[in-house]
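Walk me through this structure, starting with its charged pairs and then moving on to its nonpolar cores.

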Amino acid sequence: MTVPEQAAAPGCPYTRPAGAALYGPAVAEDPHGLYARLRAEHGPVAPIELEPGAEAWLVLGYQELLELTRNEQQFSKDSRRWRVLREGRLRPDSHLVPMVMWRPTLQSMDGAEHQRLSTAVADTLARIDHRELRETTEAAALALIGSWGPDGTADLVAQFTRQLPLLVFTRLLGLPPEDGPHLVQLITALVDSGSDSHRAAAEFFALLAELVRRRRSEPGQDLVSWLLGHPVGLTDEEVVHHLMVILVAGNEPCINWIGNTVRLLLTDRRFRTTLTGGRATVADALDEVLWRDPPVQNFPGRWAVSDTVLGGQYISAGDMLVQGLAAANDDPAVHGPGGIAGNRAHLAWGSGPHVCPAQDPARLIVETAIETLLHCLPDLQLAVPANELTWRQSPWSRALVSLPVLYSAFVPTRTEPERTPWTAPQRPSPTDSTPSAGTSTPRTDGSARSARRRRSSSLAAWWSGR
């Protein structure tokens, strides 16, 4: 008897299996183990809870996720269909609301209306000059690195990854750089679905609404003005909501992608050796992370239009289905004997009509940031054992809490004359100094210098795999 037949058979009611918690320590400490256990117990679609009483399904299978994202007629993006919401079982103060609530954006629409909105966003992002974006990213990275203290230590999450993407995006929006840290705090609170998510979402919306109001009267050459002037005729409210989408989708994944890639380079000797040996590149590391630890591990959501079956599970109309991006990438059915080397068939960007439109600028920002970091700090190493690194307890993001590192030398990069100067908040940009690109400049003086030199020699040997 199939699952739908079982559900419909008299005297044989269908009982939804108990859902595993997709929140708290389990999803942070060992998500791959969690997904493997769910797959072994339930198959490619598993019952979960996003918070107590808020049930959903996690799509773990690669093929099932493709079916979910490509079939808009059966699986809608309109979260107003969610049974938990319609039946009044989602608390008004639920931490999930900012991430799953319906908004007039391309993320909540299907069909023709989605096409209209996605055209405006895609065309706006296409107007970004990639050469200028690379130069802006490199300048921001150099300024951040140059602002670190002279002791040869840093937390790459707090002092680099969480600051750099918003420094770039504030430039694209025409905002002053000092607005970046506050925007990062708001976005992080929103995507972590924590206790502060409601306040952060409201403040974020108000900040962007004021920006749109100013750009409506005084347009410029920036993302806000381009969205306002697009031929599809977005309303001010639509522009505000899409700016939220662009900033959250552009910032949070970039932060996590940079951090997770640097972690890979600093902890995986196999990959480090191939990288320094010239057989792999930063681009290869980026793709490895998109397969193994994608910056967005789960993403809401789809809602069943009618009763159906997916992955052997009976899905009722109005059920929520979460895209298990990391789990689908880890599906044993898609990994052949050759592994994933050189393969970009991962689902880290989603798939179907709602595939992420910001892939190209995101990759450019992340790749430039990491290349600049590795050039400036060639002896970078992890400051704590790898097993002491901790992850944020977010059902959506795969993000490190911190990434403490050590380094002993700084290699400055020459600044080309046409590049726009970038002023760091605390220290002058390292490009103010003039040593040649091949010169390593010690970051410490006095008695600490010899110790740094000894450590540098050992780090150089470790970096090259010896």
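**Salt bridges and cores**

E210 and R213 sit three residues apart in helix α12 (residues 197–217), so about one helical turn separates them. The two form a salt bridge. Their closest N and O atoms are 2.5 Å apart. This, like everything here, comes from a predicted model. Neither side chain needs to be hunted for inside the fold, because E210 has 32% relative accessibility and counts as partly exposed. R213 is partly exposed as well, with a relative accessible area of 48%.

That pair is part of a longer list. The structure holds 21 salt bridges. Where does D293 find its partner? D293 forms a salt bridge with R398, and the closest N and O atoms are 3.2 Å apart. D293 lies in the loop between α16 (282–292) and β6 (299–304). R398 lies in the loop between β10 (381–382) and β11 (404–406). The pair therefore ties together parts that are 105 residues apart in sequence. Are D293 and R398 buried or exposed? D293 is buried, and R398 is buried too.

Other charged residues join up through shared partners. Salt bridges link E55, R83, E87, R89 and D319 into one network. Take E87 and R89 from that group. These two form a salt bridge, with the closest N and O atoms 2.9 Å apart. E87 is partly exposed, at a relative accessible area of 45%. R89 is also partly exposed, and its relative accessible area is 34%.

Now turn to the nonpolar interior. How many residues does the largest nonpolar core have? The count is 113. Within this core, F160 and F204 have the most contacts. Helix α14 (residues 236–267) supplies the largest share of the core, 15 residues.

F160 is a good place to look in detail. Which residues does F160 touch, leaving aside those up to four places away in sequence? A141, L144, I145 and W148 are among them. D155 is touched too, as is I258. A369 and L373 complete the set. Apart from the largest core lies another one, of 16 residues. Its members include L66, F75, A304 and L347.

To retrace the route on screen, begin at E210 and R213 in helix α12. Move to the buried pair, D293 and R398. Pass through the network that includes E55 and D319. Then finish at F160 and F204 in the largest nonpolar core.

Notes:
Residues numbered from 1 in each chain as written. Predicted model: local features only at pLDDT ≥ 70, side-chain atom pairs only at ≥ 80, totals over all residues. Heavy atoms only, no water. Core = buried A, V, L, I, M, F, W, Y, C linked by side-chain atoms within 4.5 Å. Buried < 20%, exposed > 50% of the residue type's maximum accessible area, 1.4 Å probe, protein only. Helix = DSSP H or I, 4+ residues; strand = E, 2+ residues; numbered from the N terminus. Contact = heavy atoms within 4.5 Å. Salt bridge = Lys/Arg side-chain N within 4 Å of Asp/Glu carboxyl O.
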